[in-house]
Amino acid sequence: MAAPREAPERRPFGRRLLTDPARLFQHNAWDNVEWSEEQEASARSKVQENSSQLLPHDKQEEYEVNAKRYWDDFYKIHENGFFKDRHWLFTEFPELAPNRNPSQNRDSVHEFSNKEESNNEGLGNCENGHCSLETRAENQLNLIKSTPKICTEELATQKYSELNQRDGDYPGSSASYRILEVGCGAGNTVFPILQTNNDPGLFVYCCDFSTTAVDLVQNNVEYDSSRCFAFVHDLCNDQSPFPMPDESLDVVILIFVLSAILPEKMQCIVNRLSRLLKPGGMILLRDYGRYDLAQLRFKKGQCLSDNFYVRGDGTRVYFFTQDELDDLFTTAGLEKIQNLVDRRLQVNRGKQMTMYRVWIQCKYRKPAAPQL
């Protein structure tokens, strides 16, 4: 008989669901909410219903071929307005600022709580299946429009080839702590890192499939080319080069990114990213979990394959289980540090509406080199 799987890892902190409706709508969110068997069954039923009709193969192929265009269009429409600041970033992933004072984390939590209380109407906002609940308070990043200075993949290939001819000379080659954010979007993770992590040896790389997104990052007033390098990159293309060599990164960040990729290509991508890590380096992930609100809101005719959907704007999203992510990372030779499910109840007090979010957070480490 097969050994039973370990119980899902959940947060060791958080408030339990309140049952008094009058008290319920005085608050915005509860962490670590346990689902009843009825809730689980209802969610499973909704997913079975909305996935009962798959898109024809030719339509699925069209979404794959045109994926870059759909994401470019998304960022042209929303720029940085859709995404919010990630005030949870350093409490959940202290590896992004190892020298940060723990008291700063407590301040961030307090700030996050206050802003969340005053931002009720933003809760529950979903556009074309993009639920912005994974991020908090209004974005304070000041984007400016100027002439694009994109490092396209074609130029990147030439530049990286030239750099590799000069031994050890690449962007950030002199840094002592290197971070790569994959799927950087408008910069909602990279700029808080640059603002918070004052390590003089820090260098941050950030890339995105969308040329428009990289344009937004490079034209942000906070962009500092002496500490950061933004570039266009297609993760699904094995021949698409990275600007840094293998085993050069301390951290790779994947925040709501892996879910946008065709499931059959995920393992190859995780393998590529793991090769970039130094021994002891880590991949940090936060992404959509199975039966999240966003999955339950899809209608028939939007399902591509099991738990993989296309939104109204042509972008796609997958909803993971912990075991699926564990398989991806361990197959790539990484060891588990954290793999937890984050179930939250969020309440829109203005609309008197409750919403259940399910996210998964992971930390996987490349084994340290053996001692000689």
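**Strands, cysteines and salt bridges: how the terms are earned**

Biologist: Cysteine 303 faces tyrosine 309 of strand E11 across the pairing. What makes E10 and E11 count as paired strands in this model, which is predicted?

Modeller: E10 and strand E11, residues 308-310, are joined by 2 bridges in the antiparallel sense. Pairing requires at least two bridges, so the requirement is met.

Biologist: Which strands make up this sheet, and in what order do they stand?

Modeller: The open sheet consists of 3 strands, ordered E10-E11-E12, and the pairing is antiparallel. Strand E10 (303-305) and strand E12 (316-318) each have a single partner strand; they are therefore the edges, and one side of each has no neighbour in the sheet. From one strand to the next, the twist averages 30°.

Biologist: What makes E6 and E7 a pair, and in which sense do they run?

Modeller: Strand E6 (residues 202-208) and E7 share 5 bridges in the parallel sense. Since at least two bridges suffice, the two strands are paired. Within this pairing, cysteine 207 has phenylalanine 231 of E7 as its bridge partner.

Biologist: Why is strand E7 called mostly covered?

Modeller: Of the 5 residues in strand E7 (228-232), 5 are buried. Cys228, Ala230 and Val232 are buried on one side, and Phe229 and Phe231 are buried on the other, which leaves both faces covered. In a regular strand, side chains alternate between the two faces of the sheet.

Biologist: Why is cysteine 207 not assigned a disulfide with cysteine 184?

Modeller: The closest cysteine sulfur to that of cysteine 207 belongs to cysteine 184 and lies 6.4 Å away, which is too far for a bond. The cut-off is 2.5 Å, so the pair fails the test. A search of the whole structure returns 0 disulfides.

Biologist: Are cysteine 207 and cysteine 362 buried or exposed, and what values decide the matter?

Modeller: Cysteine 207 has a relative accessibility of 1%, and cysteine 362 has a relative accessible area of 0%. Buried means under 20%, so both residues receive that label.

Biologist: What makes lysine 363 and glutamate 95 a salt bridge?

Modeller: Their side chains meet at 3.1 Å, N to O. The limit is 4 Å, so the contact qualifies. Side chains of opposite charge can pair when their charged atoms come close.

Biologist: Where do these two residues lie in the chain?

Modeller: Lysine 363 belongs to strand E14 (residues 353-365), while glutamate 95 sits in the loop between helix H5 (89-92) and helix H6 (102-117), so the salt bridge ties together parts 268 residues apart in sequence. Both lysine 363 and glutamate 95 are buried.

Biologist: What makes arginine 286 and aspartate 342 qualify, and which strands do they connect?

Modeller: The N to O value for arginine 286 and aspartate 342 is 2.9 Å, which falls within 4 Å and therefore counts as a salt bridge. Arginine 286 is in strand E9 (residues 277-288) and aspartate 342 in strand E13 (residues 335-348), so parts 56 residues apart in sequence are tied together. Arginine 286, at 1% relative accessibility, counts as buried, as does aspartate 342 with a relative accessible area of 0%.

Biologist: What can be said of arginine 357 and aspartate 292?

Modeller: Arginine 357 and aspartate 292 form a salt bridge at 2.7 Å, N to O. The pair links distant parts of the chain, 65 residues apart: arginine 357 lies in strand E14, and aspartate 292 in the loop between E9 and helix H11 (293-296). Arginine 357 is buried at 0% relative accessibility, and aspartate 292 is buried with a relative accessible area of 0%.

Biologist: Which residues are joined into one network, and how many salt bridges does the structure hold?

Modeller: Arg286, Asp342 and Arg344 form one network through salt bridges that share partners. The structure holds 8 salt bridges.

Biologist: Why is valine 341 called buried?

Modeller: Valine 341, located in strand E13, has a relative accessibility of 7%. This value is under 20%, so the residue counts as buried. Its C-alpha lies 8.6 Å from that of threonine 321, although the two residues are 20 apart in sequence.

Biologist: What describes the chain as a whole?

Modeller: The chain has 12 helices and 14 strands, and 53% of its 372 residues are buried. Of the contacts between residues at least 6 apart in sequence, 77% join residues at least 24 apart. The accessible surface comes to about 17,200 Å², with 48% belonging to carbon and sulfur atoms.

Notes
Residues numbered from 1 in each chain as written. Predicted model: local features only at pLDDT ≥ 70, side-chain atom pairs only at ≥ 80, totals over all residues. Heavy atoms only, no water. Helix = DSSP H or I, 4+ residues; strand = E, 2+ residues; numbered from the N terminus. Axes fitted to C-alpha atoms, helices over the stretch in contact; angles between N-to-C directions. Buried < 20%, exposed > 50% of the residue type's maximum accessible area, 1.4 Å probe, protein only. Contact = heavy atoms within 4.5 Å. Areas by Shrake-Rupley, 256 points an atom, 1.4 Å probe, with all protein chains shown as cover.
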